[in-house]
Amino acid sequence: MRTRMKELRVERKISQEALANAVDVSRQTILFLEKGKYNPSLRLAWRISVVLEKPIEDIFSFEDEEFEVEAVEPNDSTSTSV
């Protein structure tokens with residue numbers, strides 16, 4: 001996963017310590033996130049997006065550019081299978 005977290009944090013003049021405090025994690029967690037050594041939980045990604053005032057997808061993205069998600073049409077069938 002790629003991240004623009006450091007770039008966006010620096011633009012907003014927020015220190016690693018201040019961001020860590022705002023999202024309730026350690027400064028080391030912020031450091032690992034910025035270096036790509038740790039992937040955030042959805043909750044943590046959301047908290048970071050609130051503090052940085054950017055959508056999650058503007059902060060975090062998959063490295064595999066070929067990763068695409070296609071919409072799935074609802075199944076008209078009344079039976080379900082697993």
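These legends describe close-up views of one predicted model.

**Figure 1. Overall fold of the predicted protein chain.** Five helices and two strands make up the secondary structure. Read from the N terminus, the order is β-α-α-α-α-α-β. The protein chain has 82 residues, and 24% of them are buried. Its accessible surface is about 6,600 Å². Carbon and sulfur atoms account for 48% of that surface. Consider contacts between residues at least 6 apart in sequence: 54% of them join residues at least 24 apart.

**Figure 2. Confidence along the protein chain.** The average pLDDT is 88. A score of at least 70 is reached by 84% of the residues. Among the elements, helix α2 (residues 16-23) has the highest mean pLDDT, at 98. Strand β2 has the lowest mean, at 90.

**Figure 3. The largest pocket.** The largest pocket holds about 160 Å³ of space. Three elements each give two or more residues to its lining: α4 (42-52), α5 (56-59) and β2 (60-61). The lining residues are M1, N39, P40, S41, L42, A45, I56, E57, F60, S61 and F62. By class, seven of them are nonpolar, three are polar and one is charged. Glu counts as charged, so E57 is the charged residue of this lining. Strand β2, which contributes to this lining, is also the element with the lowest mean pLDDT.

**Figure 4. The largest cavity.** The count is one cavity of 30 Å³ or more. The largest cavity has a volume of about 30 Å³. Its lining consists of M1, R2, T3, L33, G36, Y38, N39, P40 and F60. Five of these residues are nonpolar, three are polar and one is charged. Arg counts as charged, so R2 is the charged residue here. M1, N39, P40 and F60 line the largest cavity, and these four residues also line the largest pocket.

**Figure 5. K13, a loop residue with a positive phi.** K13 sits in the loop between α1 (5-11) and α2. Its phi is positive, about 55°, although K13 is not a glycine. Most residues other than glycine have a negative phi. Is K13 buried or exposed? The cut-off for exposed is over 50% relative accessible area. K13 has 76% relative accessibility, so K13 counts as exposed.

**Figure 6. D24, a second loop residue with a positive phi.** D24 lies in the loop between α2 and α3 (27-34). D24 is not a glycine, yet its phi is positive, at about 65°. Relative accessibility at D24 is 63%, so this residue also counts as exposed. D24 is in contact with R47, a residue of helix α4.

**Figure 7. K35 and K6 across the sequence.** K35 belongs to the loop between α3 and α4. Its relative accessible area is 55%, so K35 is exposed. Along the sequence, K35 and K6 are 29 residues apart. In space, their C-alpha atoms are 8.7 Å apart.

**Figure 8. R47 in helix α4.** R47 is a residue of helix α4. What does R47 contact, leaving aside its neighbours within four places in sequence? Its contacts are V23 and D24. R47 has a relative accessibility of 30% and therefore counts as partly exposed. The partly exposed class runs between the buried limit of under 20% and the exposed limit of over 50%. R47 and L19 are 28 residues apart along the chain. Their C-alpha atoms are separated by 9.8 Å.

**Figure 9. V51 in helix α4.** V51 is found in helix α4, as is R47. Leaving aside neighbours within four places in sequence, V51 is in contact with R12, I14, L19, A22 and V23. V23 is thus a contact of V51 and also of R47. With a relative accessible area of 22%, V51 is partly exposed. Buried would require a value under 20%. V51 and R9 are 42 residues apart along the chain. The C-alpha separation of V51 and R9 is 9.1 Å.

Methods:
Residues numbered from 1 in each chain as written. Predicted model: local features only at pLDDT ≥ 70, side-chain atom pairs only at ≥ 80, totals over all residues. Heavy atoms only, no water. 1 Å grid on protein atoms, 1.4 Å probe; cavity = no way out; pocket = protein on both sides within 12 Å on 5 of 7 lines; lining within 4 Å. Points joined across faces, edges and corners; volume = space filled by probe spheres on them. Helix = DSSP H or I, 4+ residues; strand = E, 2+ residues; numbered from the N terminus. pLDDT = per-residue confidence, 0-100. Buried < 20%, exposed > 50% of the residue type's maximum accessible area, 1.4 Å probe, protein only. Contact = heavy atoms within 4.5 Å. Areas by Shrake-Rupley, 256 points an atom, 1.4 Å probe, with all protein chains shown as cover.
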